[in-house]
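User: I would like to go through this model step by step. Please keep the answers short and end each on the item asked for.

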Amino acid sequence: MAKAKLGEPTPALESTPSFEGRLRLNQFMYTSSDNEATSLRRSSRLVTPISSTISQARSPRASSKTSSPAPRPIKRKHGGPGEGAGESSNPDTSSQTSTPSPKKKRSNRPKSSYAPPSTYAHLPLLPDVLGPDLLILFVGLNPGIQTARSGHAYAHPSNLFWKLLFSSGITPVPCRAEEDGTLPERFALGNTNIVARPSRNGAELSRAEMDEGVAVLEDKIRKWRPEVVCIVGKSIWESIWRVRKGRAITKAEFRYGWQDETEDMGIPGQSNGKDVETSDLKGARVFVATSTSGLAASLRPEEKERIWKELGDWCKARRRERQAEDLTNE
């Protein structure tokens, strides 16, 4: 086969192509026109405008997938008599959770903190500090463990009894627990408790044994006839009131300080507040003071000081009167 010169038209292929004829691929290559040469061929995917892509991302369908907030968890109320009975935001479950659970019946059994007398039976009982012609007889709840072990009243270091006696003026000099036995002779003061057995705290006592101690306390007051009975703690006076009145004292009826003359204790001829026989002898006036226990924090220290000072002012004035009477009788 003759070769074609440069620039001459290519002759027609023979019926039987040669190896050289098969390699003439330039005859089948695409040649573009002048207008088409100026524009590049791009895929339709690559030439999509960026703005259209952004608009698709911001379309309602796309935003509905991302902007809808996650469902809030159902809040339930806990504690109280209707535990687990909180309202639900789901209407299908509100009927199941809105019904309060039945209230538990109150049990007459003692509190879990109650400790029977056998718990501290190994500790000795605290002896009373009593005597004739007392100005004030202090009535505490019951001896603590350290008090019982030491054999002296209000012996725990955190107890404020001895500090309040001095700061209020009831004792002219500071005293310690070890000096409790000298109080009647030195200052005409005495000590006793409404419950004799020791315990770690007042919560380990039952209401019944506190109420039973009221009659014993009245007998001591009738025997020794102090001028004033100082109730050292609200719970003691609540027990005395409950035994006398047959009901609990109300908030409106309770007050610290001096009580009415109708509440005098140890009146001869009376039993549990009821007249048995008439008598001209008077009972002891009642002053309700705050608890001196370090665990009692319902009142601020300055409030306790103010209440005890009211009793201290009376004690100092009455002590001066007695001294003046003694000089007159000499």
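**Cysteines, sheet and helices**

Analyst: To start with a cysteine, Cys 315 has 0% relative accessibility and therefore counts as buried. The model is a predicted one.

User: Is Cys 175 buried or exposed?

Analyst: The cut-off for buried is under 20% relative accessible area. Cys 175 comes to 9% relative accessibility, so its class is buried.

User: How many disulfides does the protein have?

Analyst: A disulfide is a covalent bond between the sulfur atoms of two cysteines. The rule applied here asks for a pair of cysteine sulfur atoms within 2.5 Å. By this rule the count of disulfides is zero.

User: What is the strand order in the open sheet of five strands?

Analyst: The pairing in this open sheet is mixed. Its five strands follow the order β2-β1-β3-β7-β4.

User: Which strands stand at the edges of that sheet?

Analyst: An edge strand here has a single partner strand, so one side of it is left without a neighbour in the sheet. This applies to residues 189-193 and 257-258, which are β2 and β4.

User: Which residue in β2 is the bridge partner of Val 139?

Analyst: Strand β1 covers residues 136-140 and runs parallel to β2, with five bridges joining the two. Within β2, the bridge partner of Val 139 is Thr 192.

User: At about what angle does helix α11 run to β7?

Analyst: Helix α11 spans residues 301-329 and lies across β1, β2, β3, β4 and β7. Its direction relative to β7 is about 145 degrees.

User: Which strands does helix α10 lie across?

Analyst: Helix α10 is formed by residues 234-245 and runs at about 115 degrees to β3. The strands it lies across are β1, β3 and β7.

User: Which residues is Ser 239 in contact with, leaving aside its neighbours within four places in sequence?

Analyst: Ser 239 is placed in helix α10. Its relative accessibility is 0%, so Ser 239 counts as buried. With neighbours within four places in sequence left aside, its contacts are Ile 194, Met 210, Asp 211 and Val 214.

User: What share of the contacts with a separation of 6 or more comes from residues 24 or more positions apart?

Analyst: The protein has 11 helices and seven strands, and buried residues make up 33% of its 330 residues. Among contacts with a separation of 6 or more, the share from residues 24 or more positions apart is 66%.

User: How much of the accessible surface belongs to carbon and sulfur atoms?

Analyst: The accessible surface of the protein comes to about 22,900 Å². The part that belongs to carbon and sulfur atoms is 53%.

Note on methods. Residues are numbered from 1 along each chain as its sequence is written. This is a predicted model: local features need pLDDT of at least 70, side-chain atom pairs count only at pLDDT 80 or more; totals for chains, interfaces and linings use all residues. Side-chain values use heavy atoms; hydrogens and water are left out. Two strands pair if DSSP finds at least two bridges between them. Helices (H or I, at least four residues) and strands (E, at least two) are DSSP runs, numbered from the N terminus. Contact means heavy atoms within 4.5 Å. Axes are lines fitted to C-alpha atoms, for helices over the stretch in contact, and angles run from 0 to 180 degrees between N-to-C directions. Buried means under 20% relative accessible area, exposed over 50%, partly exposed in between (1.4 Å probe, protein chains only). Accessible areas come from the Shrake-Rupley method with a 1.4 Å probe; for residues, only the protein chains shown count as cover.
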